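Biologist: I have a protein model on my screen and would like to learn to read it. Could we go through it piece by piece?

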Amino acid sequence: MIKRFTTTAIAIGLCFAGFAQDTPDAAIVQKIRKEGLENSKAMDIAFNLTDVAGPRLSNSPGLKRAQNWAIKQLSDWGLKNAHLEAWGTFGKGWQIDKYYAATTLPFYHAIIASPKAWTPGTNGPIRSEVILIKADSVADLAKYKGKLAGKIVMMDRGTALTSGTKADFSRYADSTLAQMAAATPTANAGRQRPAGGPMADRMAQMMKLRQAQAAISAALLEEKVGLILTYARGGQGTFFTSNGASYALDAKPVSPELEVAAEDYLHILRLLRAGKPVEVEADIKTSFYDQDPQGYNVIAEIPGTDKKLKEEVVMIGGHFDSWHAATGATDNAAGSAVMMEAVRILKAIDFKPKRTIRIALWSSEEQGLFGSRGYVSKHYGDPKTMVLTPDQKKISAYYNLDNGTGKIRGIYLQGNEAAAPVFKSWLTPFNDLGATTVTINNTGGTDHQAFDAVGIPGFQFIQDPADYNTRTHHSNMDTYDRLVEDDLKQSSTIVAAFVYQTSQRGAQIPRKELPSPQPARP
C-alpha cells in the first residue's frame, strides 16, 4: 500500500505541476492583451514591408530594403544582435523596372499583366501583330519557322471563365473547427506513399507536359520572338503569378514573357480565332542582380535571463520574401508583421524571458523553404541523415505564421499529441477572440516543416481563410488594402502570449519521436 500510495502521490504531484506551469498568468496575459490590442503597430509594420519596400522577390532590391528596415526596427525596439545571416547560395535577384502593354488594334486597351519573374525585357518599345501559335510540340512549330522574329506571340490555349457562386472572403465555421479539433492521428501519418498509382501517373503526365513546354520555349527563343503572352490563372482582374525562368547564375536565356490576366488574354484569343487582326505594343525593362548570390535571413533576439535556461531558445518566424506582381501583403508581410509585433509587445511590457526568444524572417520560402531549411541545416541538423547538432536539443519550439491576414483560430499540432493539453490551456484566455481549436492535423507548405523535419517541435497556427486562396495568394491583388487590422492585432497578441508561456515553462514543449532520415528524391 505504501508503494502504491507513493506512486499515486508522485503521479498527482506531476499532474498538478504540469497543470500549474501551463496555466497562463492572468496578469501577464492582460498586459499582453492591452499592448497588443490597444497599442498595436502591426499595420505600421505591414505598411513599411509593402507600400514602402515594395515587392520582395528573393534577392531583389525590394527584399533587401525590407530586410535592412527590419534590422533597424528590431534594434530600435531593443532586440539584440539583429543581423542578416547567410543560409547558402540562392542565385540571381530580379525586379521589374518598367512595364507597359496595350492592344492598339482593333482598339486601344491597357492590358492587365506582369512580366514573369526572371525573364528579360523587350530591349525597348515594340509593336507587332499578335501571332497565334497552334502547337503541342516542337514539330508543330515548323510552319512558323522564319516568321516570328520580333513578333508578339501567344499560344492557342486558355480556359473559359465562369462566374463564381461563393464569396471570396470567408471565416471558419464553428462546425469546421469542431471537425478539426475532433481529428485523430492516422495510422499512415508520416509513412511514405507506395510508388506508382494515380499520383505517379499524374506526376509523369505533368513532367511530360513541362518538357514539351520547355522545348517549345527554347524553339521560340531560337526564332527570336519579341514577346510571349501567357494565360494567367485567375479572373475578375486578378491573376496568379509565377516565374518564367530559372534564378540560377548559369540559367539558360529565355524570351521576354508577359503573364496576362484571363479577361485580356481571352479577349485577344477570341479575336485571333475569329481571324481578326490584333496589334499589341509593349515596353518592358527588367534587371538582374548577381553580384551577391547568397540568400539571407533576418535574425534578432531577446536574450534569456535564467542561469539554467537562457541557453535554450524559443523561435518564431515567417517568410519575408514575396512574389512580384503586387507587394506581398498577405503572403507574407502579414505573418512577418505579426511576428515582429509579437516581440515588440514583449519588449513594450518589459518582459525578461527565462529562455532566449529568437525571431527569424526567412528568405526564399517561395522557391522551396530555402531560408528556413538552410538555417536548420546549419544550426540543428540534416533531415536527410538525421545527424543532429547539440543545439537541436536546446530549442523548445518554433512557431510560424504564413496563411494570410486571417486571425488565429487555433494551432496545428503537426501530430504532436503531447502538446495538446499545453496549447489548449494557453488558448483559453483568447477563446473570446475566436481562438479555440487544437487539432492533431498536419499542415504543410511553409517554414515550420524545416524544424519538424529534424525533430524540433514546429507549429503553424490555424488562420481564417479570408480571401487568401481566392484572391491574394501569389496574385496582383496581394496589397496592403487586403490586410484586416483587427485580425493582425489578435494574431500578434496570441503569438506574444505563446512565446511568453514557452519561454517561462519549466520544461520544453514535448517532442515527438525523431523522424527517420529522408531518402533522396529520385
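Modeller: Gladly. This is a predicted model. We can begin with one short strand.

Biologist: Which residues of strand β6 point the opposite way from I152 and M154?

Modeller: Strand β6 covers residues 152-155. I152 and M154 point one way from the strand. Every one of its four side chains is buried, on either face. The residues pointing the other way are V153 and M155.

Biologist: How many bridges join β6 to β7?

Modeller: β6 has a parallel partner in strand β5 (residues 126-133), with four bridges between them. There, I133 stands opposite M155. β7 also runs parallel to β6, and I152 stands opposite L227 in that pair. The number of bridges from β6 to β7 is three.

Biologist: What is the strand order in the open sheet of eight strands?

Modeller: This sheet has mixed pairing. β1 (80-89) and β19 (437-439) stand at its edges with a single partner strand each, so one side of each has no neighbour in the sheet. Neighbouring strands are turned by 25° against each other on average, direction ignored. The order is β1-β12-β14-β13-β17-β20-β18-β19.

Biologist: Which residue in β17 stands opposite M315?

Modeller: Look at strand β13 (residues 313-319) and strand β17 (residues 395-400). They pair in the parallel sense over five bridges. Opposite M315 stands Y398.

Biologist: Which strands does helix α4 touch as it packs on the sheet?

Modeller: Helix α4 spans residues 61-76. Its direction makes about 150° with that of β1. The strands touched by α4 are β1, β12 (294-302) and β14 (356-362).

Biologist: What angle does the direction of helix α5 make with that of β19?

Modeller: Helix α5 (residues 174-181) also packs on the sheet. It touches β18 (408-412), β19 and β20 (458-463). Its angle with β19 is about 40°.

Biologist: Which residues of helix α9 are buried?

Modeller: Helix α9 covers residues 370-379. Among the elements covering its buried residues are β1, β12, β13, β14 and α11 (448-452). Just after the helix, G381 takes a positive phi of about 150°. The buried residues of α9 are G371, S372, G374, Y375 and V376.

Biologist: Now the empty spaces. Which element gives the most to the lining of the second largest pocket?

Modeller: That pocket holds about 1400 Å³ of space. It is lined by 36 residues, with K116, Q213, N243, G244 and E257 nearest its centre. By class, 16 are nonpolar, 13 polar and seven charged. The element that gives the most, with nine residues, is α6.

Biologist: What is the volume of the largest cavity?

Modeller: The whole structure has two cavities of 30 Å³ or more. The lining of the largest includes W323, H324, E366 and H474. By class, that lining has three nonpolar, five polar and three charged residues. The volume of the largest cavity is about 50 Å³.

Biologist: How many charged residues are in the lining of the second largest cavity?

Modeller: About 50 Å³ of space lies in this cavity. Its lining includes L413, D452, F459 and K512. Four lining residues are nonpolar and four are polar. The number of charged ones is two.

Biologist: On to the backbone. Where is N332, which has a cis peptide bond from D331?

Modeller: Omega of the bond from D331 to N332 is near 5°. Another cis bond joins L105 and P106, with omega about 15°. P106 lies in the loop between β2 (93-105) and β3 (109-110). N332, instead, is found in helix α8 (residues 329-348).

Biologist: Is K224 buried or exposed?

Modeller: K224 has a positive phi of about 65° although it is not a glycine. It sits in the loop between α6 and β7. Its relative accessibility is 62%, and the cut-off for exposed is over 50%, so K224 counts as exposed.

Biologist: And M386: buried or exposed?

Modeller: M386 also has a positive phi, near 60°, and is a residue other than glycine. Its place is in the loop between β15 and β16 (387-388). Its relative accessibility is 15%, and buried means under 20%, so M386 counts as buried.

Key. Residues are numbered from 1 along each chain as its sequence is written. This is a predicted model: local features need pLDDT of at least 70, side-chain atom pairs count only at pLDDT 80 or more; totals for chains, interfaces and linings use all residues. Side-chain values use heavy atoms; hydrogens and water are left out. Two strands pair if DSSP finds at least two bridges between them. Helices (H or I, at least four residues) and strands (E, at least two) are DSSP runs, numbered from the N terminus. Axes are lines fitted to C-alpha atoms, for helices over the stretch in contact, and angles run from 0 to 180 degrees between N-to-C directions. Contact means heavy atoms within 4.5 Å. On a 1 Å grid over the protein atoms alone, a cavity is a set of points where a 1.4 Å probe fits but cannot get out, and a pocket is an open set with protein on both sides within 12 Å along at least five of seven lines; lining residues have an atom within 4 Å of a point. Grid points are joined across faces, edges and corners, and a volume is the space filled by probe spheres set on the points. Ala, Val, Leu, Ile, Met, Phe, Trp, Tyr, Cys and Pro count as nonpolar, Asp, Glu, Lys and Arg as charged, and the others, Gly among them, as polar. Buried means under 20% relative accessible area, exposed over 50%, partly exposed in between (1.4 Å probe, protein chains only).
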